Amino acid sequence: MKKFTELERATAIFVLIGAINWGLIGAFQFNLLLVMFNTSLVLERVVEVIIGLSGVFWLYKLLMMKK
């Protein structure tokens, strides 16, 4: 079984956080990131961008696996 690199592990965690957050928003209209970073909208946006970039990274990895 292939071991994940540090980058893969870190981005996977951010993707999971994003997925859980969107699930909470959809089910309960509860934004976990907004609650966690209530005092810093800039920090919330930075985390959201990191989550988005992590998703793009994994999309790329998945597309490259097919080749």
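Q: What makes Phe4, Phe57 and Trp58 one aromatic cluster?
A: In this predicted model, two aromatic pairs are counted. Phe4 and Trp58 form one pair, with ring centres 6.1 Å apart, and Phe57 and Trp58 form another, with centres 5.7 Å apart. Rings pair if their centres lie within 6.5 Å. Trp58 takes part in the pair with Phe4 and in the pair with Phe57, and Phe4, Phe57 and Trp58 form one cluster.

Q: Why is the pair of Phe4 and Trp58 called edge-to-face?
A: A pair of aromatic rings is described by the distance of the centres and the angle of the planes. The planes of Phe4 and Trp58 stand at 75 degrees. Because planes over 60 degrees apart count as edge-to-face, the pair of Phe4 and Trp58 receives that name.

Q: Why is the pair of Phe57 and Trp58 also given a name of this kind, and which name is it?
A: The planes of Phe57 and Trp58 are at 85 degrees, so the pair is edge-to-face.

Q: Why is the pair of Phe4 and Trp58 said to tie together parts of the chain?
A: Phe4 belongs to the segment before H1 and Trp58 to helix H3, so the pair links parts that are 54 residues apart in sequence.

Q: Is Phe4 buried, partly exposed or exposed, and how do you know?
A: The relative accessibility of Phe4 is 47%. Buried means under 20% and exposed over 50%, with partly exposed in between, so Phe4 counts as partly exposed.

Q: How do you know that Glu8 and Lys61 form a salt bridge?
A: The closest N and O atoms of Lys61 and Glu8 are 2.5 Å apart. The limit for a salt bridge is 4 Å, so the pair of Lys61 and Glu8 qualifies. Lys61 lies in helix H3 and Glu8 in helix H1, so this salt bridge ties together parts that are 53 residues apart in sequence.

Q: What makes Glu8 buried and Lys2 exposed?
A: Glu8 has a relative accessibility of 3%, and buried means under 20%. Lys2 has a relative accessible area of 58%, and exposed means over 50%. Therefore Glu8 counts as buried and Lys2 as exposed. Glu8 and Lys2 also form a salt bridge, with their closest N and O atoms 3.3 Å apart.

Q: How do you know that Arg45 and Glu48 form a salt bridge, and where do they lie?
A: Their side chains meet at 3.2 Å, N to O, and the limit is 4 Å. Arg45 and Glu48 both lie in helix H3, three residues apart, about one turn of the helix. Arg45 counts as exposed at 56% relative accessibility, whereas Glu48 counts as partly exposed at 27%.

Q: What joins Lys2, Glu8 and Lys61 into one network?
A: Salt bridges that share partners join these residues. Glu8 is bridged to Lys2 and also to Lys61.

Q: Why is Asn21 called buried, and what does it contact?
A: Asn21, in helix H1, has a relative accessible area of 5%; buried means under 20%, so Asn21 is buried. Leaving aside neighbours within four places in sequence, Asn21 is in contact with Phe30, Asn31, Leu32 and Leu33. The side chain of Asn21 reaches the backbone nitrogen of Leu33 at 3.4 Å.

Q: What makes Leu43 and Ile50 eligible for a surface patch?
A: Patch residues need over 30% relative accessible area. Leu43 has 39% and Ile50 has 32%. Val42, Leu43, Val46 and Ile50 make a nonpolar surface patch of about 320 Å².

Notes. Residues numbered from 1 in each chain as written. Predicted model: local features only at pLDDT ≥ 70, side-chain atom pairs only at ≥ 80, totals over all residues. Heavy atoms only, no water. Helix = DSSP H or I, 4+ residues; strand = E, 2+ residues; numbered from the N terminus. Buried < 20%, exposed > 50% of the residue type's maximum accessible area, 1.4 Å probe, protein only. Polar contact = N/O pair within 3.5 Å; in protein donor to acceptor, adjacent residues only side chain to side chain. Contact = heavy atoms within 4.5 Å. Patch = residues over 30% accessible without salt bridge, like charges linked within 9 Å, V, L, I, M, F, W, Y side chains within 5 Å. Areas by Shrake-Rupley, 256 points an atom, 1.4 Å probe, with all protein chains shown as cover. Phe/Tyr/Trp six-rings, centres within 6.5 Å; stacked < 30°, edge-to-face > 60°.
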